[in-house]
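Let's walk through this one together, starting with a single chain and then moving on to where two chains meet. Have the viewer open as you read.

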Amino acid sequence: MAYLLRKSLHGLLLILGVTLISFVLMVWFGPDQTYSLIGKNATAEQIEDVRHALGYDQPFITRYADYLIELFTLNLGASNSSGEPVNRILARTIPVSLALMIPGFVLGNLLGIALGLLAAHRRGQWSDRVISGLSVGGMSISFLIIIIVFQVLLSTPYGLNLFP
Amino acid sequence: MNPRRYRLAGIWLTLAAALTLASCDERQESRAQRADFSIYRHSMDGAPSSLDPAQASHLYANFLAVNLYDTLYRYKYLARPYQLAPNLADDLPRVSADGLIYTIRIKPGVYFIDDPAFPDGKGRAVRAADFVYSLKRQFDPDTKAQGTWLWQGRIVGLDEWKENGSDYDEDVPGLKALDDRTVQIQLISPFPQLTHTLAQGFSAIVPREAVDFYGPEFAIHPVGSGPYKLQLFNSASAVLVRNTGFRKEPFSLEAEGFTPESQSRFGLEPLEGRMPPFTDRIEIEFIAEDAARWNAFIAGELDFIKVPVSQFDQVLASREPPTLTPALAAKYYLGANLESGFVHTDFNMDDQRIGYHPDPDQDARNKALRCAITKAFDWPKRNEIFYYGIGQVFPGIIPPAAAEFQKDQDASAVTRDLDGARDLLSKFGWNAGNLPILEYGFPSHVTERQMFEQFRSFMSDIGYPEDKIRSLTYATYGDYARAFLNREVMLATTGWTMDYPDAQNTVQLFFGPNSSPGSNSANYDNEEFNRLYRASSTMQPSPMRTAMYRNMNRIVIDDCATISGISRTLILLWDRDLAMLPDRSFVGGFFFRFVDSGKAGPAAAEDSGREATQ
């Protein structure tokens, strides 16, 4: 029990440390939204209004405490520009990312395992050498190049133009 | 191959076929859908993040705001120079003899779109009180409005209303709805540009019910009375569909300022008498990346594009005037649209190393240094390298888009004079050893970096040591803006897009009291200039006012407060099947309602490649 408590305490301290560092980095080195949100010809008073609305005029400790509370209650606030709750934006957009990522992940792993087994089964033969050669080649080419090549091949009039 | 292997291969083939069919189905369905509607597919090189008119501070947001909402005024579709026209207002304002009281009647029978924000979901009539409410929102800190400056210090009681806590139930003496259809605005002092401000997206009319109902999400739930309503909006695209309840007003070529000599070839004549909006559905693609936008246009996925400068070489057969290559001219119309603004590089006059100095001798030396830098700047080369040589270079701060622009003015301020620059430096005791370090700020971007390098090479021609010209780079434009608005940047390049076609909008950039964080980022403060600005700011357009503006322009040039300027020529292409005249200037998004995508334009062959100069 004491071990469990000790580990939990360490975990909590670790999380607090990570959040503190990330928050400090965000506050001191992150973008200042104020000047993206003010209009042309803003007065000092209007700049102060925006800073106030963003909570930039609050003491650091208050901002950090708010940040922790919002983080632990999963209250991620609302988008500064559109006003839409961030949770809803995530709920809308994460499935799209997953829909793109999961098929690729599954397909890649299935293909990798199948080809790996085939190469092992035919070790030393030409099929092993072709698979190994293609694998090494594939791993050596930058993802950026692969993405562009497949985009051109599958999604443009220069290739198969299968996707919109 | 054994049966198990056949099964595996079958599964793979089925998966691949399903994937392919799914994509084909989607595309076929899309084509089928499109056959039922008239569609115009517009592209933009940036995206709005908010559709709240109070935040329509840039072109992209303004384009949508003026289509989803009504403004009291707009600019005539075809008239050049640009002219105001009533939009929701039934006529131009009635102005009192002293220029202080504006009375505006709004059209009857105009309704907001149906929306859950209203009782029973039925849109109600637009009333004068909605305009009053919408303008008050600009002064409510909770709105995070970006257009406040247009009316700040102008309307009786409005600034005080904000100071008193922005209570919407509290009346503003100078902003009244006399009845359901009559708005009255009382000014503190004459403001001849007021009507122009009522044609801005900022002044668009929103219903209080929707703002209260949606709260912060009103920014993505527009509820207006404009010609279109929103069907879809995200960071990649927006879809607008016709507001079937939009008021019926027949299109008149004459009323819109049609000029047959230059505009008859765009197939606009058959629109006469028809009721805008002419197109059922407008699909807007926000594609910031130039190559992607261009490829989508060439692939036929878009009907309109502002051509990236990187493509000018491929697109244009000639520069003066701009004409299209024959292959493109057969498919597209060309519009050469001089921007309604300019790019300029300001000296921070608040920086004693280059600007004002309490010691008169050093002050004179600083001025000589600024003038030498200005003389060493090679505008033709800047134009050639970054604007394909088709931008319009002009001296000073009144760009060609302003009615008060002087075509025949002395161009020596934008003519390179290396000997003159060296003489100035030498006469005032500047040499490589004592020249100050120049800090040139810009947001981190390849083009900005290239502009900095070019500037440094210009200066090296007058003996300015390269190691004394340093870059100050900022990760984002917001960071850059923060720096120059806090007077931390010695030399700052910025662009200004005019809000209305009146030079007051650009000369105010150098009015002393507008110094940072206001729009006078040069922190220029000249007594005579300020006097002229104050005197002219209440004057109606007249030859005397024009002379005063030009005088102010000369003062800024003589003080060498800025290296200015250039107005870029935008090359617009659109499909020949469309009857329209697009605009990125003052008409802006108002042209959407007049796009007719259901009709082919006249034969391409005879006028291929001629430009539509606006």
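Chain A has seven helices and zero strands, so if you trace the elements from the N terminus on, you read α-α-α-α-α-α-α. Keep in mind that what you're looking at is a predicted model.

How spread out is chain A, set against a compact globule? The globule rule gives 15 Å for 164 residues, but the radius of gyration of chain A is 25 Å, well over that, so the chain is more spread out than a compact globule. You can put box dimensions on this too: the C-alpha trace of chain A spans about 75 × 60 × 25 Å along its principal axes.

Two other numbers help fill in the picture of chain A. Of its 164 residues, 7% are buried. And if you take the contacts in chain A between residues at least 6 apart in sequence, 15% of them join residues at least 24 apart.

Now turn to the place where chain A touches chain B. Chain A puts 28 residues into this contact, and chain B puts in 30 residues. Which helices of chain B supply at least two residues each to the side that touches chain A? They are helix 1 (3-36) and helix 15 (477-485) of chain B. Helix 15 of chain B makes the largest share of that side, with five residues. As for chemistry, the side of chain B that touches chain A is a mix: 13 of its residues are polar, 11 are nonpolar and six are charged.

Definitions and conventions
Residues are numbered from 1 along each chain as its sequence is written. Chains are lettered from A and ligands numbered from 1 in the order in which they are written. This is a predicted model: local features need pLDDT of at least 70, side-chain atom pairs count only at pLDDT 80 or more; totals for chains, interfaces and linings use all residues. Two residues are in contact if their C-beta atoms, placed from the backbone, lie within 7 Å. Helices (H or I, at least four residues) and strands (E, at least two) are DSSP runs, numbered from the N terminus. Ala, Val, Leu, Ile, Met, Phe, Trp, Tyr, Cys and Pro count as nonpolar, Asp, Glu, Lys and Arg as charged, and the others, Gly among them, as polar. The radius of gyration is taken over C-alpha atoms; the globule rule is 2.2 Å times the number of residues to the power 0.38. A residue is buried if 20 or more other C-beta atoms lie within 10 Å of its own, exposed if 12 or fewer, and partly exposed in between; C-beta atoms are placed from the backbone.
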